[in-house]
Amino acid sequence: MRKKIFGLISIVFLGTHLHAQVNVVDYTIGVKDTAKHLFHIEIDYVNTTQEDSVSFYLPKWTPGYYQIMDFAASIRNLKFENNAKETLEYILVDSSHWIVPVKKGETVHIGYDMLENKNFVAESYVDGNRAYILPTNLFLYNKQIQFGKNIRVRVLKDPSWPNIYGTGLSLQKTDASTWDFTANTLDDFYDSPILLGKLDSLPTFYIHGIAHQFVGYDLGNSQYTQRLMSDMKKIITQAIDIFQDIPYQKYVFLGIGEGRGGIEHLNSSSVSFSGNSIKNENDYKRVLSFLTHEYFHNFNVKRIRPIELGPFDYQTANRTRQLWISEGLSVYYENWLLYKTGIYSQEEFLNTFADAMDIYENKPGHLIQSLASSSWNTWSDGPFGNLSDTAISYYDKGPVVGLLFDCAIKYYSKGKFSLENVMRALYDQYYKKLGRGFTEDEFKNIATHYGTKKILPLFEYINTAKEVDYNKYLNLLGLKLNYTLQNGKKIFHLTN
Ligand SMILES: [Zn+2]
């Protein structure tokens, strides 16, 4: 069942309070021309540095999509002005870096349009029906804004855009012309997509009193959308059980319409979604699996994270050898959680691994590139591995290695522990206690703590491209792997 989002605005009001502090920056955004896919942005910034010039930047990537992008190519009519409305001549250092002569203590007004016509989850988008605002694509920043506090974000109203959902932002006030939000820091703002338009919602569910919502554009209405939230409740309950904690005040799936992909955030995920395109049970399970993956990231990558993934440098590739943990193990747990809740049969669960092996074991790259190296090189290889077959994707090999770890830890700990203990320990130790990411050695120490030193040979399957002896570990739990040859390709079969 779907309903209109009456009352969403009042939900956003809950738990907010007015800030008396000075804002480090005021951002304003409005839709300029829906037919031309244009936003207009204005920024007011007071130069609080001791310099008479300020470097402004636009991010070159957005967290969750580990590729250098050319967001600055969307900028039109960029203008920097002083208080007297005089145009300030800037120096363009590179495509996303401007040095602007602003005297210390003076205000600079920045105005520009952004052309956003690509319907893709890692980029903002506007048309006649909705506006998806992904702040990393759109808003210039500087070092003072990045490390300062109190970001004010004003969204201009338009009669054809009745609803707004600002994930992660606090709505301070609204009147006939604007919605006024605040974010504590720039990282919080950049992690908070906003959706404008005629929005719908699916029924909210609560776990330990915490609301889980699905809000979006064009959600559709079918037997599948009606079941979706009760199935997601089962899955998310199991995920929370792994960590024994709910780290957010509210979680929302933000449905941005039909399109490609999803991006995780601390308390939300932006998901390409159209309920009416779910035609059968297989489509439906694929959607549940996709939503589970994005949800699981709130634990695994937004909170449990490789040490290199934060604080972010938005100007360059933030390379790590451990994306296989953030992405590959999120795929492992998306499969595991669907199995644990009975949505996947055991056969369907095991087939997910055989299907992944079919992909990477048939690529020459499986003997060339390690999991660690595929993590490191994703910035140049592309999000799913190098298409020239000299690489692999951590989305494929990562969950299979996750399964081997789970088998080995369960067996060598005599059934006392599993990979879940490793995930929970990473969460407790590095997110909750130390408030930082973990190193490769720290991951290894925690994994061997639960799985004993007998699991050490498994690390060769992370750090080298050595042929994997799957059955050595699968057999420990009674699983068997074999393959048949079809047209020269290996087709894998994983059975119990
Ligand atoms: Zn992912």
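User: How many aromatic pairs does the count come to?
Analyst: Good place to start! This is a predicted model, where local features need pLDDT of at least 70, side-chain atom pairs count only at pLDDT 80 or more, and totals for chains, interfaces and linings use all residues. Residues are numbered from 1 along each chain as its sequence is written, and side-chain values use heavy atoms, without hydrogens or water. With Phe, Tyr and Trp (six-membered) rings pairing if their centres lie within 6.5 Å (planes under 30 degrees apart are stacked, over 60 edge-to-face, the rest tilted), the number of aromatic pairs is 50.

User: Which helix holds both F349 and F353?
Analyst: These two rings form an edge-to-face pair, 5.1 Å centre to centre with 90° between the planes. Helices are DSSP runs of H or I with at least four residues, and strands are E runs of at least two, numbered from the N terminus. F349 and F353 are 4 residues apart, about one turn, and both lie in helix α8.

User: What is the relative accessible area of F353, and is F353 buried or exposed?
Analyst: Buried means under 20% relative accessible area, exposed over 50%, and partly exposed in between (1.4 Å probe, protein chains only). Its partner F349 counts as buried at 5%. F353 is buried too, because its relative accessible area is 0%.

User: Which protein residues are the donors of the zinc ion?
Analyst: Donors are N, O and S atoms within 2.8 Å of the metal (3.2 Å for Na, K and Ca), and water is not among the atoms, so sites may look incomplete. The zinc donors lie 2.0 to 2.1 Å from the ion, and they are H293 (NE2), H297 (NE2) and E327 (OE).

User: How many residues apart in sequence are the parts that H297 and E327 tie together?
Analyst: The donor residues are spaced H-x3-H-x29-E. H297 lies in the loop between α6 (281-296) and α7 (323-340), whereas E327 lies in helix α7, so the separation in sequence of the parts they tie together is 30 residues.

User: Which residue forms a salt bridge with E420?
Analyst: A salt bridge needs a side-chain nitrogen of Lys or Arg within 4 Å of a carboxyl oxygen of Asp or Glu, and the whole structure has 19 of them. Here the closest N and O atoms are 3.4 Å apart, and the partner is K340.

User: In which helix does E420 lie?
Analyst: E420 counts as buried at 13% relative accessibility, while K340 is partly exposed at 37%. K340 lies in helix α7, so the pair ties together parts 80 residues apart in sequence, with E420 in helix α11.
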